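Here are some notes for reading alongside the structure, arranged as numbered points. Please keep the model open while going through them, and look up each residue as it is named.

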Amino acid sequence: KVQIMRKTKNITIVDNGNELKFKLIALSAMQQQRWIAKAFTTLAESGLLEMDVNSLDLNQIVNAIKAKGLGFIGRLDSDKINDLLIELVSKTAKRMNGAGFTELNERELENTFESIKALIELEKECFNISFDFFQIAE
C-alpha cells in the first residue's frame with residue numbers, strides 16, 4: 001500500500017492577543033473535487049458564474065464579482081456559504097493544544113474565535129493549503 005503524503009503546515013493566528021496554534025492538512029483530491037463542486041454550484045446559483053467554465057480561474061471569479069458589484073451577494077445562500085467554510089476548516093485544520101489536537105466544528109470555532117479577522121485568516125490558510133492553484137492573495 002502506498003502512503004500518500006499531503007501538504008501540512010503549522011500556523012499561529014493572533015486573536016485579540018491570544019495565540020491560537022493550528023495544524024493544517026491539505027484536503028485529499030476527492031475532498032477537493034467535492035468541495036469545488038459545491039462551491040461552484042453555490043456561485044452558479046447566484047448567477048455569478050455566467051462564464052466559460054472551461055477556462056475558469058479565481059481571477060475570473062474575482063473580476064466577475066468586481067463587474068457585478070456586491071449585488072449578487074443577496075442571491076447567495078448564506079447557509080450554503082457558511083456550511084462550505086465550516087466544512088473546509090473542519091476537514092483541514094486541527095487546533096493544537098499542547099501535545100494534543102482539538103477537532104474543529106462549528107461549535108468549537110464559535111468558542112475559539114473572538115475576532116472575525118482571525119477566523120477569516122484561518123479560512124484563507126485552509127483554502128490556500130488545499131487549493132494552491134487558486135491562491136488567495138494576502
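1. How many aromatic pairs does the count come to? The model is a predicted one, and in it the count comes to four aromatic pairs. One of them is formed by W35 and F127, whose rings meet edge-to-face, with 6.0 Å from centre to centre and 65 degrees between the planes. This pair links distant parts of the chain, since W35 belongs to helix 1 and F127 to helix 5, and the two residues are 92 residues apart.

2. Staying with these rings, W35 and F127 are both buried. F127 also pairs with F131, and here the arrangement is tilted, with 5.1 Å between the centres and 35 degrees between the planes. F127 counts as buried because its relative accessibility is 11%, which is under the 20% cut-off, while F131 is buried with a relative accessible area of 0%. Taken together, the ring pairs link W35, F127 and F131 into a cluster.

3. The next point concerns the nonpolar core. The largest one has 22 residues, and those with the most contacts inside it are F22, L24 and L122. Two or more residues each are given to this core by strand 1 (8-15), strand 2 (18-25), helix 1 (29-45), helix 3 (78-92) and helix 5 (116-130). Of these, helix 5 provides the largest share, namely five residues.

4. What does L24 touch, once its neighbours within four places in sequence are left aside? Its contacts are K7, T8, K9, I11, T92, A93, L122, E125, C126 and I129, and one of these, L122, is itself among the residues with the most contacts inside the largest core.

5. Helix 3 can be checked for its length as well as for its surroundings. It has 15 residues and reaches 21 Å from its first C-alpha to its last, which is close to the 21 Å expected at 1.5 Å a residue. Its buried residues are L84, I86, E87, L88, V89 and T92, and what covers them includes strand 2, helix 1, strand 3 (93-97), helix 4 (106-112) and helix 5.

6. Is T112, which is found in helix 4, buried or exposed? T112 counts as buried because its relative accessibility is 9%, and its side chain reaches the backbone oxygen of E108 at 2.6 Å. Not counting residues up to four places away in sequence, T112 touches D15, L20, F22 and R95; of these, F22 is among the residues with the most contacts inside the largest nonpolar core.

7. A44 may be set beside T112 when reading about accessibility. A44 lies in helix 1 and is partly exposed, with a relative accessible area of 42%. The C-alpha atoms of A44 and L76 are separated by 9.2 Å, although the two residues are 32 residues apart along the chain.

8. The last point is about strand pairing. Strand 3 and strand 4 (residues 100-103) pair in the antiparallel sense over four bridges, and M96 has F101, in strand 4, as its bridge partner. In the hairpin that these two strands make, there are two residues between the strands, and G98 takes a positive phi near 60 degrees.

Methods:
Residues are numbered from 1 along each chain as its sequence is written. This is a predicted model: local features need pLDDT of at least 70, side-chain atom pairs count only at pLDDT 80 or more; totals for chains, interfaces and linings use all residues. Side-chain values use heavy atoms; hydrogens and water are left out. A nonpolar core is a set of buried Ala, Val, Leu, Ile, Met, Phe, Trp, Tyr and Cys residues joined through side-chain atoms within 4.5 Å. Buried means under 20% relative accessible area, exposed over 50%, partly exposed in between (1.4 Å probe, protein chains only). Contact means heavy atoms within 4.5 Å. The expected span of a helix is 1.5 Å times one less than its number of residues. Rings of Phe, Tyr and Trp (its six-membered ring) pair if their centres lie within 6.5 Å; planes under 30 degrees apart count as stacked, over 60 as edge-to-face and the rest as tilted. A polar contact is a pair of N or O atoms within 3.5 Å; within protein, one must be able to donate a hydrogen and the other to accept it, and residues adjacent in sequence count only if both atoms are side-chain atoms. Two strands pair if DSSP finds at least two bridges between them.
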